[in-house]
Amino acid sequence: MMLLSVQQTAWPKLLSTPGAIRQPVTNEPGEHLIDYSAGGGGIRYLAPPEFSAAAVGLSNTILELSRSIAGVSDVTTGEIARGSLAASAIIALQNQAKTPIVEIQHRYWEIIRQIGRIWAQLIGAYYTLSRPMTVTEEGKRSTRLFCGKCCRETEFDLRVDVGASSEYGEALSQATLDNFLQNGYITVDQYIELAPDNVVPFRERLRQMRAGQSEQKAAPEEKDRKGENG
C-alpha cells in the first residue's frame, strides 16, 4: 500500500485554469511555468493525501497474531543469538517452543504412516515384473530379484517410524566438533575430516603436512631402533 501510494503521488497533480499554461508541461525538476491567466493564480498543485501510518502498525499486528496463533516463536524460526548458547540448549528451546503444535505433528505423522501402508499395497499390485533390489545383511550388500506379484497374498508387518528431522546447520556442527576436540573425544585428523569444507578449504594440504610431520617423527625412532639392534 505504501509503494502504491508513493507511485501514484510521486509527481503532484497540476491544476490550471483554461489559458493559464501555453507550453507543454514535462515535470522536469526546476521547470519554470508561466501563468497567463488574467488575475494570476491560474496554476497550482494539488496536495496529495498523506499515507496513513496505521497500515504499517496493522501489518505488524497481523504478523504477530499469526505467529502467536501458529505457535511460532523466535526460537522456532532460529532468530536467536546462537553465539551465547550451546547446541544442546538451542535444541531444548526449540523443542519447548513446539509444544503448542505437538498434536498437529502427531496427526501429520499418522498420515505419513497411512501413506506407507498404501505404498505396500501398491507394490503388491503393480510390481508385476521382477526387479533387482539391493539387500544389506550383516553389513554385506547383495542384489536379489523382487516381484510384488508373488507377495500379494503375503501379509506384511509394516512399521513406519516418523519423527522430526532437523536441518543441517554448519554453525551447530562446527560448535559440536570444537567441543569434541577440546574434550579429547576425537583426534585432530578426525576433526579435519569432519569439519565443513568452507571451514577447512585447505584440507588436502593439511593432510600432506601432517603426514610429513609423522614421517619426520618416525625417522629418528627408526634410527634408534637400528642402533639398539646393532
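**Figure 1. A salt bridge within helix α4 joins E110 and R113.** In this predicted model, the closest N and O atoms of E110 and R113 are 3.5 Å apart. The two residues are three positions apart in helix α4, about one turn of the helix. E110 has a relative accessibility of 32% and counts as partly exposed. R113, at 24%, also counts as partly exposed. The structure holds six salt bridges, and further ones appear in Figures 4 and 5.

**Figure 2. Helix α4 carries buried residues and part of a nonpolar surface patch.** Helix α4 runs over residues 102-126. Its 25 residues should span 36 Å at 1.5 Å a residue, and its end C-alpha atoms are 36 Å apart, so the two values agree. The buried residues of the helix are W109, G116 and G124. The patch is made by I111, I115, I118, W119, L122, I123, Y126 and Y127, and its area is about 780 Å². One of these residues, Y126, has a relative accessibility of 60%; this is over 50%, so Y126 counts as exposed.

**Figure 3. Strands β3 and β4 form a hairpin.** Strand β3 covers residues 131-137, and strand β4 covers residues 140-146. The strands pair in the antiparallel sense over seven bridges. R131 stands opposite F146 in β4. Two residues lie between the strands, and E138 in the turn has a positive phi of about 55°. Most residues other than glycine have a negative phi. How many of the seven residues of β4 are buried? The count is zero, and the strand is hardly covered.

**Figure 4. A salt bridge links helices α6 and α7.** The side chains of R210 and D189 meet with an N to O distance of 2.6 Å. R210 lies in helix α7 (residues 203-229) and D189 in helix α6 (residues 188-194), so the pair ties together parts that are 21 residues apart in sequence. R210 has a relative accessible area of 30% and is partly exposed. D189 is partly exposed as well, with a value of 42%.

**Figure 5. E204 and R207 form a salt bridge within helix α7.** The N to O distance between their side chains is 3.0 Å. Like the pair in Figure 1, E204 and R207 are three residues apart in one helix, about one turn. E204 counts as partly exposed at 46% relative accessibility, and R207 counts as partly exposed at 33%. Salt bridges that share partners join E193, E204 and R207 into one network.

**Figure 6. N27 is a residue with a positive phi in a loop.** N27 lies between β1 (14-16) and β2 (43-45). Its phi is about 65°, although N27 is not a glycine. The relative accessible area of N27 is 31%, so the residue is partly exposed.

**Figure 7. Helix α5 is followed by a glycine with a positive phi.** Helix α5 has 13 residues, 170-182. From its first C-alpha to its last, the helix reaches 18 Å, close to the 18 Å expected at 1.5 Å a residue. Just after the helix, G184 takes a phi of about 80°.

Conventions:
Residues are numbered from 1 along each chain as its sequence is written. This is a predicted model: local features need pLDDT of at least 70, side-chain atom pairs count only at pLDDT 80 or more; totals for chains, interfaces and linings use all residues. Side-chain values use heavy atoms; hydrogens and water are left out. Patches are made of residues with over 30% relative accessible area and no salt bridge: like charges are joined within 9 Å, nonpolar side chains (Val, Leu, Ile, Met, Phe, Trp, Tyr) within 5 Å. Accessible areas come from the Shrake-Rupley method with a 1.4 Å probe; for residues, only the protein chains shown count as cover. Helices (H or I, at least four residues) and strands (E, at least two) are DSSP runs, numbered from the N terminus. Buried means under 20% relative accessible area, exposed over 50%, partly exposed in between (1.4 Å probe, protein chains only). Two strands pair if DSSP finds at least two bridges between them. The expected span of a helix is 1.5 Å times one less than its number of residues.
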